[in-house]
Amino acid sequence: MTLALSIEGVTKRFGTLVANDRIDLALHRGEILALLGENGAGKTTLMNVLFGHYVADEGSIRVAGPDGALASLPPGSPHAALGAGIGMVHQHFALAESLTVLQNVVLGTRPLSAPHLGLRAARAKLERLMGESGLHVRLNARIANLSVGEKQRVEILKVLYRDARILILDEPTAVLTPQEADGLFATLRRLAASGLAVIFISHKLGEVLAVADRVAVLRGGRKVSDQPIAGVDRRMLATLMVGREIGVSRRTLREPGPPLLVLDQVSMRLPSGRAGLDGVSLTVRGGEIVGIAGVSGNGQAALAALIAGMAEASAGSVTLAGKPLRASPRAAIEAGIARIPEDRHAEGIVGPLSVAENLALESLDSPEVQRLGFLRFDRLRERASQAIAAYDIRCPGPEAPIRLLSGGNIQKVILARVLERDPRLILANQPTRGLDVGAAAEVHRRLLEARMNNVGIVLISEDLDELLALCDRIAVMVKGRLTAPEPVETLTLERLGLLMAGHREEEAA
Amino acid sequence: MIRFEPRGHIPPILRLFAPIAAMAAALLLSALPLAAAGAPILRAFWLMAAGAAGSVFAIAETLTRATPLIFTGLAAAIAFRARLFNIGLEGQLYAGALAAVVVGSGLIDGPPALLVPLILAAAALAGALLMLGPALLKMRLGVDEVVTTLLLNFVVLLFVQMMLEGALKDPMGGGWPQSEPILDAGMLPPLVERMRLHAGFLLALLSSLLTHVLMAQTVLGLKIRAVGENPAAARFAGIGVTRVTIVVALISGGLAGLAGASEVAGLKGYLTADLSRGFGYAGIVVAMVAGLQPLAVVPAAIFIAGVFVGADTMSRTIGVSNYIADLIVALALLCVLVGGLFMRFRIRWS
């Protein structure tokens with residue numbers, strides 16, 4: 001195998017934090033290398049160094065040219081990285097929504113002084129690339145009209161169009177449904193077979209095992225393992241990644257309590273034109289976890305907004321323990337609903353405020369944290385210290401701005417904030433999305449613990465494994481409608497897939 | 001090639017140093033237009049410094065000028081913290097001044113001891129009410145408050161002129177468009193003999209302290225910060241975003257209204273249409289220089305006031321137009337914005 005890329009002894013420090021500690025990494029042509037690690041392990045930093053966004057404090061990077069000869073890459077120059085054939089697909093797409101696929105691909109490849117865009121040649125080249133890679137997109141479609149999976153294909157095509165020899169994908173499946181992820185894996189294998197070198201950044205063990213040839217594990221800025229995929233298993237990778245054994249929480253059988261949250265023929269429209277709800281009925285009892293599965297964008301957001309008090313039903317009734325639920329976030333909190341928002345950065349926290357202040361955000365009017373309108377800082381600190389200890393929140397301290405925390409620790413702050421109020425119902429919307437194994441296991445443990453305390457739980461998730469592991473019953477959302485929940489004992493992945501796909505067949509027809 | 005790397009952590013010393021460096025840069029840059037006007041640069045700067053702080057009189061004059069800037073600076077700072085862009089400070093200042101002369105010139109018969117508090121309350125109320133409309137329009141209908149508050153400035157100023165030519169015109173004013181004077185009992189007493197510095201300055205300092213306590217120590221302050229930094233998360237956490245925004249609008253407008261009362265009841269005693277020398281607009285610069293920190297508004301306002309007062313002295317002595325002060329203030333705003341960039345990003349040369 002010929003070497004495509006060689007990272008040698010790269011060290012990157014931010015103040016006292018060593019984000020990358022003498023990392024060596026080799027990548028060969030035709031190989032898919034998975035870069036595995038928890039949030040904050042140094043994956044993104046390393047890729048930013050490779051791509052020239054950061055300058056490494058020590059170490060060097062060499063890249064193979066078209067002839068296979070290794071040449072060192074000038075540090076700190078994204079332009080040089082692009083020129084050396086390195087292409088990256090970021091988690092958050094960089095596409096101009098109002099332009100077509102073709103225009104997006106060509107964007108930035110032609111000098112400003114060029115007389116025309118060369119669209120005809122570009123189209124021919126793209127059609128050839130699409131044929132070879134199996135990445136099919138309508139070239140004349142506007143980006144705004146594409147699905148997330150299609151947008152990702154455009155991003156990969158952009159990289160291929162620039163004749164990249166090294167393709168880096170940063171958490172590419174975070175935005176995909178399981179079906180779309182499988183399609184992506186097939187594409188990556190085909191691209192690798194044609195000689196492309198691929199770096200696949202992930203923290204999901206299953207997909208690493210499914211797609212990679214080799215896996216390198218980063219932990220705390222260091223490379224702790226680098227071996228062929230053949231010799232590893234899930235458990236081993238998890239241990240390497242986290243540095244300790246992960247306990248898996250198991251659901252124990254128990255008899256659920258009386259009905260708690262009852263939705264009766266609820267309909268609702270969202271102003272943004274996203275899917276709303278269409279005659280949804282659902283009963284959640286105390287001490288059970290009801291899962292909501294479905295392909296993203298089928299009304300899960302509307303259902304979550306409704307239960308969280310962020311949106312109002314246009315028809316039907318919503319009651320909690322027999323009392324009608326008023327549509328306001330305040331009312332939902334006071335009724336005893338613990339809400340874990342889908343996008344924790346957008347809705348869960350206020351970045352510049354401290355950990356202590358964020359923890360108190362839902363209880364600001366209670367005498368616990370204020371007296372005559374003045375904040376009781378001693379109480380705020382004390383509560384925060386307790387939460388930090390109880391939920392193992394890794395942070396510089398209660399006064400630290402919460403934006404400095406990793407995603408997993410931010411989620412723990414949100415958990416602490418909502419669970420300490422002794423809720424009757426928990427609404428968990430994608431509670432483990434983007435979290436590493438350790439943090440996700442902690443979230444699962446907390447949810448199961450709440451279930452044992454007779455709390456009713458609505459778990460909305462796109463991770464079917466998660467739903468099957470935690471839920472007592474699972475219902476599927478399709479185009480704003482909810483199927484009747486089925487007991488998890490009689491459900492299989494295939495059956496769930498069938499229920500979810502029901503709407504796809506309709507669409508195709 | 002220059003590259004900007006975001007800083008993870010901003011050292012406190014940099015936070016303090018950045019605005020000071022920005023001010024120094026603004027002064028240095030103003031040497032260019034000074035030279036273009038043919039002024040001897042060093043002498044011009046010397047005259048400015050002497051004019052702003054060269055004597056007890058000069059210092060008193062600078063603090064007098066700083067007084068309305070502290071009020072409007074606080075008004076801008078608290079509003080901007082809640083991401084409510086109140087550009088209508090000038091109008092709210094005039095509304096406050098108008099209310100002050102209406103109440104203070106004998107409309108109400110009451111114990112003289114109550115007249116000053118009444119004038120202040122009326123002015124704050126007038127400024128606050130003027131801000132209520134734009135705030136409601138923003139929260140209910142999504143109307144951009146920058147546009148509404150800015151345009152209201154002109155509406156209010158024209159209204160004031162109309163009143164000064166009509167209903168409120170002083171019959172003893174010799175035909176000038178000016179209001180009847182505020183009664184003696186309603187005037188803010190001077191702080192130093194034979195100087196213009198008046199009790200309004202102490203009131204401004206008190207306002208700065210109270211605004212700081214409000215923002216840093218109270219639940220409302222925390223809610224304001226939450227709403228300003230992430231309104232979606234604030235709403236999700238059950239904070240009444242509309243209510244908080246409207247309260248902030250009222251406080252901001254009220255502070256600007258107090259600037260008007262302090263000017264009219266602290267200096268001339270009667271209202272004219274040239275009461276404010278752009279204090280409403282300069283207040284925005286003051287707030288930005290202060291990094292939207294209520295306590296820092298005081299030194300920022302004193303600095304900007306010093307530039308105005310010093311430029312007046314300089315222009316009288318060497319004949320350069322005192323518009324140079326506006327130029328320096330504008331440069332100060334630009335330098336602060338650039339300074340903020342340097343504060344948030346590390347510059348790398350490669």
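# Reading a two-chain model, step by step

Me: Let's begin with helix 12 of chain B. Is helix 12 of chain B largely enclosed or largely open, and why?

Reply: Helix 12 of chain B is largely enclosed by the rest of the structure, because nine of its 11 residues are buried. Keep in mind that this is a predicted model. To call a residue buried, we ask for under 20% relative accessible area. The buried residues of helix 12 include B:Phe279, B:Ile284, B:Val285 and B:Val289.

Me: What covers the buried residues of helix 12 of chain B?

Reply: The cover includes helix 1 (12-29), helix 4, helix 5, helix 11, helix 13 (294-318) and helix 14 (323-344), again of chain B. Look just after helix 12 too: B:Gly291 takes a positive phi of about 60 degrees there.

Me: Which residues other than glycine have a positive phi?

Reply: Two to look at are in chain A. A:Gln265 has a phi near 50 degrees, and it sits in strand 11 (residues 259-268). A:Lys479 also has a phi near 50 degrees, but its place is the loop between strand 21 (473-478) and strand 22 (481-482). As for their surroundings, A:Gln265 is partly exposed at 48% relative accessibility, and A:Lys479 is partly exposed at 42%.

Me: Now for salt bridges. How many does the structure hold?

Reply: Over all chains there are 41. The idea is a side-chain nitrogen of Lys or Arg within 4 Å of a carboxyl oxygen of Asp or Glu. Try A:Glu334 and A:Arg330, whose side chains meet at 3.1 Å, N to O.

Me: Where do A:Glu334 and A:Arg330 lie along the helix?

Reply: They are four residues apart in helix 10 (residues 329-334) of chain A, so about one helical turn separates them. A:Glu334 is exposed, at 56% relative accessibility, while A:Arg330 is partly exposed, at 22%. You can practise on another pair in chain A: A:Glu442 and A:Arg445 form a salt bridge with their closest N and O atoms 3.4 Å apart. These two are three residues apart in helix 15 (residues 437-452), which again means about one helical turn between them. Here A:Glu442 is buried, with a relative accessible area of 15%, and A:Arg445 is partly exposed at 35%.

Me: Which salt bridge links distant parts of a chain?

Reply: Go to B:Glu61 and B:Arg196, with their closest N and O atoms 2.8 Å apart. B:Glu61 is in helix 4 of chain B and B:Arg196 is in the loop between helix 7 and helix 8 (200-217), 135 residues apart. B:Glu61 is buried at 15% relative accessible area, whereas B:Arg196 is partly exposed at 43%. B:Arg196 also appears in the surroundings of B:Leu267, which is in contact with B:Thr64, B:Met187, B:Arg196, B:His198 and B:Ser262, leaving aside neighbours within four places in sequence. B:Leu267 itself lies in the loop between helix 11 (241-266) and helix 12 (279-289).

Me: Which residues are linked in a network of salt bridges?

Reply: A:Glu368, A:Arg379, A:Glu382, A:Arg383 and A:Glu420 are linked in this way.

Me: How should I read the place where the two chains meet?

Reply: The size of an interface is often given as the accessible area lost when the parts come together. Chain A and chain B bury about 2,400 Å² between them, 61% of it on carbon and sulfur atoms. A:Met310, A:Leu364 and A:Leu375 supply 19% of the area that chain A buries against chain B, more than any other three residues. The contact takes 33 residues from chain A and 22 residues from chain B. Two salt bridges are counted between the chains; one of the bridges to look for joins B:Arg225 and A:Glu357, at 3.1 Å, N to O.

Me: Which domains is chain A divided into?

Reply: Chain A has domain 1 (3-242) and domain 2 (259-336 + 423-508). Nine residues from domain 1 and 10 residues from domain 2 take part in their contact. Those two domains bury about 860 Å² between them, 56% of it on carbon and sulfur atoms. The count of salt bridges between these domains is zero.

Me: Which residues form a nonpolar patch on the surface?

Reply: In chain B, B:Phe85, B:Val146, B:Val147, B:Leu151, B:Phe154 and B:Tyr281 do, with about 500 Å² of accessible area together. Helix 7 (residues 145-165) gives the largest share, four residues. B:Phe85 comes from the loop between helix 4 (56-81) and helix 5 (89-107), and is partly exposed at 33%.

Key: Residues numbered from 1 in each chain as written. Chains lettered and ligands numbered in written order. Predicted model: local features only at pLDDT ≥ 70, side-chain atom pairs only at ≥ 80, totals over all residues. Heavy atoms only, no water. Patch = residues over 30% accessible without salt bridge, like charges linked within 9 Å, V, L, I, M, F, W, Y side chains within 5 Å. Areas by Shrake-Rupley, 256 points an atom, 1.4 Å probe, with all protein chains shown as cover. Buried < 20%, exposed > 50% of the residue type's maximum accessible area, 1.4 Å probe, protein only. Domains from an automatic or database assignment. Contact = heavy atoms within 4.5 Å. Buried area = accessible area lost by both parts, 1.4 Å probe.
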